Amino acid sequence: MFFDPDLLRAFVAVVETGGFTKAGERMNLSQSAISHQIRKLEEQAGSALLKRTTRSVTLTEDGEDFLRHAEQILAAQSLLVRRFQRAPVTGAVRLGVPETYAGDRLTAMLSRFSRRFPAVRLDVAVESYGALSEQIQAGTLDLAVNLFLREDVEWPVLRRTRFVWAIGSGFEYAPDKALPLALAPSPCMHRDVCIGALVEAGLEWRVTFTSANQQGLRSAAKSGLAITVALQDDIQDGLMIAGNGLGLPVLPAASFRLMRSAAVRTPAIEALEEQLLRAGDGACSVRALSAVG
């Protein structure tokens with residue numbers, strides 16, 4: 001039995017985008033063409049792979065097994081093509097990342113990519129979450145790593161994380177006084193998450209330190225001047241996650257996802273996209289973090 005890679009790509013696209021229409025947009029095919037490919041694939045597999053309703057598309061039990069194998073086949077085929085392709089991958093890729101993702105793990109991955117594709121020029125920009133979305137829509141970035149609170153978005157997950165309250169060892173909380181905060185100026189997702197949670201919990205607060213730079217906010221928190229909201233991956237030496245003893249509300253989960261511009265697709269862009277997806281773990285690593293009780 002031979003499964004056509006085009007059918008496998010259509011199946012994976014439907015699963016990743018959550019629907020036939022969006023999968024068609026990704027693959028430049030009509031919704032009916034995608035439906036036809038999925039029916040053909042299910043006939044060949046001899047089993048229903050997807051459960052369809054008027055509102056959603058989900059995997060069957062056989063579909064879950066099929067997806068795992070389909071992804072492995074497509075990944076192996078992609079590696080084989082790149083290994084024996086005659087023409088080198090050339091050109092430029094414009095990648096945008098937020099400060100909260102631009103760490104050692106990213107730079108190490110980009111270094112590996114540059115060694116593998118020496119003819120590709122990487123133009124990497126560190127921008128705010130809002131600027132990244134705007135530039136992807138405008139086509140001034142080819143790829144962008146961005147942070148999302150919602151799950152119902154089309155972009156694939158690179159890493160899962162969550163917001164936490166970050167404090168230094170010298171922080172002293174007085175429940176009868178307004179909570180001192182170190183926050184970035186608006187617009188800022190971290191600021192919105194922080195203030196929204198405090199307002200909903202009915203707690204008093206005041207901003208005592210403002211900086212557009214995450215490192216500046218972390219420094220203010222480390223000194224004990226104020227408490228800040230950070231992603232749990234960003235908790236570094238000198239910072240701790242505030243425990244339940246402070247009576248602070250639980251903050252939401254979030255995910256880093258890979259956004260793609262619809263303006264242009266090149267082998268260089270696709271190569272970096274695959275590298276980013278392979279490097280992403282889909283889940284935040286758990287660290288041994290101290291908590292204030």
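Colleague: Which residues does I227 touch, not counting residues up to four places away in sequence?
Modeller: In this predicted model, I227 touches W165, A166, I167 and F171, and also L179, P180, L181 and A182. Beyond these, the residues that I227 touches are A242 and L248.

Colleague: Which helix gives the most to the largest nonpolar core?
Modeller: The largest nonpolar core has 44 residues, and those with the most contacts inside it are F163, W165 and I227. To this core the greatest contribution, 6 residues, comes from the run 189-201, which is helix 7.

Colleague: How many residues does the other core have, the one that lies apart from it?
Modeller: This other core includes A13, F20, L41 and F66. Its residues number 18.

Colleague: Which helix gives the most to the lining of the largest cavity?
Modeller: The structure holds 1 cavity of 30 Å³ or more, and the largest cavity has a volume of about 60 Å³. Its lining is made up of Y101, R105, L106, M109, R159, L276, A279 and G280, which divide into 5 nonpolar, 1 polar and 2 charged residues. At least two lining residues each come from helix 9 (267-279) and helix 5 (104-116). With 3 residues, the one that gives the most is helix 5.

Colleague: Is Q275 buried or exposed?
Modeller: Q275 lies in helix 9, and, leaving aside neighbours within four places in sequence, is in contact with M109, R112, F113 and R116. The relative accessible area of Q275 is 13%, and the cut-off for burial is under 20%. Q275 therefore counts as buried.

Terms used. Residues numbered from 1 in each chain as written. Predicted model: local features only at pLDDT ≥ 70, side-chain atom pairs only at ≥ 80, totals over all residues. Heavy atoms only, no water. 1 Å grid on protein atoms, 1.4 Å probe; cavity = no way out; pocket = protein on both sides within 12 Å on 5 of 7 lines; lining within 4 Å. Points joined across faces, edges and corners; volume = space filled by probe spheres on them. Helix = DSSP H or I, 4+ residues; strand = E, 2+ residues; numbered from the N terminus. Nonpolar A, V, L, I, M, F, W, Y, C, P; charged D, E, K, R; others polar. Buried < 20%, exposed > 50% of the residue type's maximum accessible area, 1.4 Å probe, protein only. Contact = heavy atoms within 4.5 Å. Core = buried A, V, L, I, M, F, W, Y, C linked by side-chain atoms within 4.5 Å.
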